[in-house]
Every structure is written in structure tokens, then in C-alpha cells.
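Please open the model in your viewer and keep the selection panel at hand. The tour proceeds by selections, each followed by a description of what is to be found there.

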Amino acid sequence: MSVRAVPDACPGVFAPHDAADGALARIRVPGGVITSVQLHAVADLAAELGDGHVHLTSRGNLQLRGLDRTDPSAAQRLTAAGLLPSRTHERVRNIQATPLSGLAEVARELDGQLCARPGLARLPGRFLFGLDDGRGDIVAQEPDVCWQTGRVLLAGRDAGLVDVDPVAALLAAAEAFLAVRSTQWRVQELGEAERSVMVRVLRERDLPASRRGGGSPAAPPPHVVVAPVLGELTAAQVHAMADAAPSAVVTPWRTVILVEPTHVPDGLPTDPEIARVSACAGRPGCAKALADVRADTRAALAAGRLPAGRVHVSGCARRCGAPRGEHIEFVAGEHYL
């Protein structure tokens with residue numbers, strides 16, 4: 001069982017992180033779904049108050065960098081755009097769902113009920129909810145609690161529940177986690193005894209049956225995948241995406257899916273091969289970084305010096321932003337580009 005010496009300080013908008021290049025605000029996008037109006041709002045903020053870019057995260061969220069911590073207008077404008085429905089629950093709205101699977105509505109309902117339960121505001125900012133339509137893409141992201149076609153997984157382990165409602169089951173699992181944790185941020189950090197208590201509590205709950213079938217994944221609507229280099233989009237590119245489609249899905253793979261686009265804007269990167277390479281912020285944005293990681297990675301990409309497969313480049317041994325699963329690492333100060 002892991003014991004944390006400090007509380008979770010995962011950044012949000014109301015509680016940004018002070019980076020070397022200014023305040024960093026993370027905007028939660030439950031289920032990844034965002035409207036064109038909201039994309040325009042985020043792009044405006046990036047251009048007017050930030051570093052001019054919108055950054056994609058490995059959890060399917062958005063980040064703005066270079067902000068002024070003392071300026072409340074970013075939070076005010078994001079609230080007006082419907083991206084901050086709860087000040088108290090802002091950092092715990094971490095919900096991933098299989099993109100284009102029909103689970104977006106479930107994610108929206110889960111988010112609403114999560115925000116309606118005051119006690120769940122105590123969840124750590126690292127705690128992750130998952131909704132997987134059966135293909136295993138969200139399970140692979142290692143959520144703390146995950147619903148997959150009727151069953152519930154706790155840190156990847158089957159809790160022995162069959163055909164249960166996703167919203168009721170995941171909220172009950174989150175409450176059970178809060179009841180057994182001490183300083184842990186994730187279910188993965190609990191000991192076997194605590195996990196067993198979570199399972200027992202869930203099995204004793206009279207959870208409603210699932211309203212969704214466990215059949216084949218639904219056919220996706222027409223879409224285009226935008227795969228920006230290192231998950232970084234200019235404000236102008238985000239505006240162009242918002243003009244091209246009524247909605248989009250931000251994925252955990254640092255891509256954005258334009259849903260039913262009317263056109264593909266010129267200059268947007270759509271080669272999925274680009275998304276296999278990721279990097280931390282590096283210098284000058286991070287004071288702990290030993291190198292300008294993003295510039296070095298772009299240069300290595302342009303020169304064709306990166307190996308095949310998933311690659312992550314880090315500015316120090318903390319390896320921030322590293323993807324789940326197998327990947328090749330380059331770390332400044334150790335094995336670097």
C-alpha cells in the first residue's frame with residue numbers, strides 16, 4: 001500500500017500550476033466531447049491570455065500555458081462557455097470514454113451526477129473514471145474505476161458485478177474508494193485489504209441494471225482525426241477546427257476528432273503516425289527540465305532520427321506525460337536524443 005506524504009496538487013483552472021512560463025491551467029473535458037463554441041472560447045483564451053497554443057494531455061483534456069494567475073478572466077470566460085460547471089468539483093471531473101462509441105451521453109450524465117454529490121469533491125485530482133465500449137481502449141489507460149459493457153473494473157481488476165448501470169456503479173465505486181483511502185491518490189495504490197473492502201461494498205449495493213447492451217461497438221459518424229505534433233495546436237488551428245465541425249472529441253492519445261466536419265481546414269496535421277511521439281514541456285516552460293525537449297524532439301522528427309513505435313521524450317527523470325503501455329524513452333541527463 002502506497003502512502004503519500006503530500007496532498008494531490010493536480011492543476012485546474014481555479015487552482016493552476018505555477019510553471020516557469022507562467023500559470024498552467026488544465027481544462028477537464030469529460031468524455032472528450034467539446035462543442036465548436038467551446039473550442040472557439042478556448043482558442044480565444046490561448047491567443048489573448050496564454051502562450052498562443054492549446055495543449056492536449058494524455059487524459060484527453062486541454063491545457064493553457066503562460067497565464068497570469070492573478071487574472072480571473074480565464075475562469076470567468078470558461079465558466080460562461082460551460083466548461084466549468086462546478087467550482088468545487090473542477091479537478092475531479094476526470095472521465096474518459098471510448099470515442100465515437102455512443103458513450104458520450106453516459107459520460108455527460110456521470111459528470112452531472114458527480115458534480116451533484118458534494119462528498120465526491122474530496123476525490124484526488126488524479127482519480128480517473130473510465131467508460132469502455134468493449135474494445136479495451138479506455139481500459140488500457142488504467143482508470144481507477146471503469147465500466148466496460150456491464151462489468152466494473154477497479155484498477156483493472158474485475159469486481160464481479162454483472163450488467164450494472166455505469167453511472168450508478170462508478171459513483172458507488174468512487175464513494176467506496178473515499179471510504180477506504182488514507183493518503184492514496186489512486187485505487188492502484190491501495191493494499192489488498194482496502195481493495196477487498198471496495199469490492200464487498202459494491203457487491204452489497206443494490207445497483208440498478210445497465211441500460212446499455214454489451215454488443216458490438218456502434219458504427220462511428222463521419223469524422224476526421226487531427227494529430228498535432230506533440231499534441232500542440234495554435235489558437236488559429238483550434239479556431240479552424242471549430243469552424244469545420246459542430247463538435248469534436250479530445251482523445252487520450254493527444255488527437256482531436258472532428259465529428260461530421262463540413263471540410264478539412266488546410267494545414268491541419270491528420271497523419272496518425274505523428275501522435276505516436278510525445279514529449280513533456282521541457283525548457284523554458286519547466287524549471288526542472290534539463291533540455292528544451294520539445295525543440296529537440298521536433299528536430300529529431302524532422303531529421304527522421306526517432307525509432308519506430310511509441311516514443312516519449314522527457315526533460316528529467318520524472319518523465320511527466322509518459323504514455324501508458326510500452327514505449328521507447330529518451331530522458332535528458334540519461335539516454336537522450
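A residue counts as buried under 20% relative accessible area, as exposed over 50%, and as partly exposed in between. The model on display is predicted.

**Stop 1: Glu 142 and Asp 163**

Select Glu 142, in the loop between β7 and β8. Its relative accessibility is 38%, and therefore Glu 142 counts as partly exposed. The backbone deserves inspection as well: phi of Glu 142 is near 60°, a positive value in a residue that is not glycine.

Move next to Asp 163, in the loop between β10 (157–158) and α4 (166–180). Here phi is near 55°, again a positive value in a residue other than glycine. With a relative accessibility of 39%, Asp 163 is classed as partly exposed.

**Stop 2: strand β7 and its partners**

Select residues 129–132, which form strand β7. Are the two faces of this strand covered or uncovered? Both are covered: Phe 129 and Leu 131 on one side are buried, as are Gly 130 and Asp 132 on the other. In a regular strand, side chains alternate between the two faces of the sheet.

Add strand β6 (residues 95–97), which runs parallel to β7 and is joined to it by three bridges. Ile 95 has Phe 129 of β7 as its bridge partner. Then add strand β8 (residues 145–148); β7 and β8 pair in the parallel sense over four bridges. Phe 129 also has a bridge partner in β8, namely Val 145.

Now display helix α3 (residues 104–115) together with β6 and β7. What is the handedness of this β-α-β unit? The unit is left-handed.

**Stop 3: helix α6**

Select residues 235–244, helix α6, and colour Ala 235, Gln 237, Val 238, Met 241, Ala 242 and Ala 244, which are buried. An α-helix has 3.6 residues a turn, so residues three or four places apart point the same way. To see what the buried residues of α6 pack against, show α1 (36–49) along with the strands β4 (53–56), β11 (223–226), β12 (232–234) and β14 (256–259).

**Stop 4: the cavities**

How many cavities of 30 Å³ or more are there? The count is three. The largest cavity has a volume of about 50 Å³. To display its lining, select Pro 228, Leu 230, Gly 231, Pro 252, Trp 253, Arg 254, Ala 275, Val 277, Ser 278 and Arg 310. By class, the lining of the largest cavity comprises six nonpolar, two polar and two charged residues.

**Stop 5: a cis peptide bond**

Proceed to the peptide bond between Arg 283 and Pro 284, which is cis, with omega at about 0°. Pro 284 belongs to the loop between β15 (277–279) and α7 (293–303).

**Stop 6: His 17**

Finish at His 17, in strand β1 (residues 17–19). Is His 17 buried, exposed or partly exposed? The residue counts as partly exposed because its relative accessibility is 41%. Neighbours within four places in sequence set aside, His 17 is in contact with Pro 11, Gly 22, Ala 23 and Leu 24. As a final selection, take the C-alpha atoms of His 17 and Asn 61: these residues are 44 residues apart in sequence and 15 Å apart in space.

Key:
Residues numbered from 1 in each chain as written. Predicted model: local features only at pLDDT ≥ 70, side-chain atom pairs only at ≥ 80, totals over all residues. Heavy atoms only, no water. 1 Å grid on protein atoms, 1.4 Å probe; cavity = no way out; pocket = protein on both sides within 12 Å on 5 of 7 lines; lining within 4 Å. Points joined across faces, edges and corners; volume = space filled by probe spheres on them. Nonpolar A, V, L, I, M, F, W, Y, C, P; charged D, E, K, R; others polar. Buried < 20%, exposed > 50% of the residue type's maximum accessible area, 1.4 Å probe, protein only. Contact = heavy atoms within 4.5 Å. Pairing = 2+ DSSP bridges. Right-handed = clockwise from strand over helix to strand, strands pointing away.
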